[in-house]
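Work through the exercises below with the sequence and the model open side by side. Each task is followed by a solution that goes step by step.

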Amino acid sequence: SGAWIAAPPILTQASQWSSLRIIAALLSAADAGVFRVAVLICMLMQLVKTSFATMAGPYLSRAAEAGDIAELRKVVLLAGAIGIALASPVGAVALLAPEWVLSLFGDEFVNGALALQFLAIAELVNVLAGPLGIALIMQKRERVVLINEAAASLIGLMTAVLLLPSWGLAGAGLGLLIASVIRNGANAVFVWFTAPTTKPETV
């Protein structure tokens, strides 16, 4: 079961790495560097999500073990609400002043402004969604998380490939945004509208 649990986050990171490879192939290595900086800026928000997901883990585990779906959903909502409150200032700066943020690294980075905005929205969606994936894993539904992640990553990469020639870096940013929406939307459907077929156990 450990392999099933580890696979989704590996896929997420592989998707970002693949986006850089695609940008370097279709645009240039310099553009890939600009996009990487935009991703790293948005990882400040990812740190918030990861921290709250870690703290929520024991509560999700207890709720899942007891079969208390209402409590599990409450923890997800609470973690998402607190996380978005903390991440919003960073997200707001990235959304409202992307050129200024990127110009701190050099004028040549400004062409990634629209991509940074898409990436910021993607991370805000990730944070707001809360630890949906962890909630499913605690219910022993790690395969659902993997399937959702695989579909989201594939569609996101396909979007990047199709849009990069005409949209530039913004196409790759939109691809990751679409992946974020699909991933979190699919996980939310399973957390809120379906139940595990067997009594869950702690992981």
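**Exercise 1: a residue in a loop**

Lys140 has its place in the loop between α6 and α7, where helices (H or I, at least four residues) are DSSP runs numbered from the N terminus. The model is a predicted one, in which local features need pLDDT of at least 70 and side-chain atom pairs count only at pLDDT 80 or more, while totals for chains, interfaces and linings use all residues. Residues are numbered from 1 along each chain as its sequence is written, and side-chain values use heavy atoms, with hydrogens and water left out.

Task: state what sign of phi Lys140 has, and how its accessibility is classed.

Solution. Begin with the background: most residues other than glycine have a negative phi. Against this, Lys140 takes a positive phi of about 65° although it is not a glycine. Next, turn to the surface, where Lys140 counts as partly exposed because its relative accessibility is 35%; the classes are buried for under 20% relative accessible area, exposed for over 50%, and partly exposed in between, with a 1.4 Å probe and protein chains only.

**Exercise 2: helix α5 and its surroundings**

Task: describe the span of α5, how many of its residues are buried, and which helices the buried residues pack against.

Solution. First, α5 covers residues 113–129, and its 17 residues reach 24 Å from the first C-alpha to the last, which is close to the 24 Å expected at 1.5 Å a residue; the expected span is 1.5 Å times one less than the number of residues. Second, α5 is mostly covered, with 12 of its 17 residues buried, among them Leu116, Phe118, Leu119, Glu123 and Asn126. Third, the buried residues of α5 pack against α2 (29–66), α3 (69–96), α4 (98–103), α6 (132–138), α7 and α8. Finally, just after α5, Gly130 takes a positive phi of about 75°.

**Exercise 3: single residues and their contacts**

Task: for Val125, Cys42 and Phe105, find which residues each one touches, leaving aside neighbours within four places in sequence.

Solution. Contact here means heavy atoms within 4.5 Å. Val125, which is found in helix α5, counts as partly exposed because its relative accessibility is 26%. Beyond residues up to four places away in sequence, Val125 touches Ser180 and Asn184, and its C-alpha lies 6.9 Å from that of Val181, although the two are 56 residues apart in sequence.

Cys42, in helix α2, counts as buried at 2% relative accessibility. Once its neighbours within four places are set aside, Cys42 is in contact with Leu116, Leu119, Ala120 and Glu123. The C-alpha atoms of Cys42 and Gln117 are separated by 9.4 Å, with their positions 75 residues apart along the chain.

Phe105 sits in the loop between α4 and α5 and is partly exposed, with a relative accessible area of 45%. With neighbours within four places left aside, Phe105 is in contact with Val37 and Ile41.

**Exercise 4: three helix pairs**

Task: for α3 with α5, α7 with α8, and α1 with α7, decide whether each pair is roughly parallel or roughly antiparallel.

Solution. Two packed helices are described by the angle between their axes and the distance between the axes. Axes are lines fitted to C-alpha atoms, for helices over the stretch in contact, and angles run from 0 to 180 degrees between N-to-C directions.

The axes of α3 and α5 come within 7 Å and cross at roughly 165°, which means that α3 is roughly antiparallel to α5 (over 145 degrees). By class, their contact has 12 nonpolar, 5 polar and no charged residues.

The axes of α7 (residues 142–167) and α8 (residues 169–193) come within 7 Å and cross at roughly 160°, so α7 is roughly antiparallel to α8. The residues of this contact divide into 17 nonpolar, 6 polar and 2 charged; Ala, Val, Leu, Ile, Met, Phe, Trp, Tyr, Cys and Pro count as nonpolar, Asp, Glu, Lys and Arg as charged, and the others, Gly among them, as polar.

Helix α1 (residues 2–26) packs with α7 at an angle of about 5°, with the axes 9 Å apart, so α1 is roughly parallel to α7 (under 35 degrees). This contact has 14 nonpolar, 5 polar and 3 charged residues.

How values were computed:
Helix = DSSP H or I, 4+ residues; strand = E, 2+ residues; numbered from the N terminus. Parallel < 35°, antiparallel > 145°, perpendicular 65-115°, else oblique.
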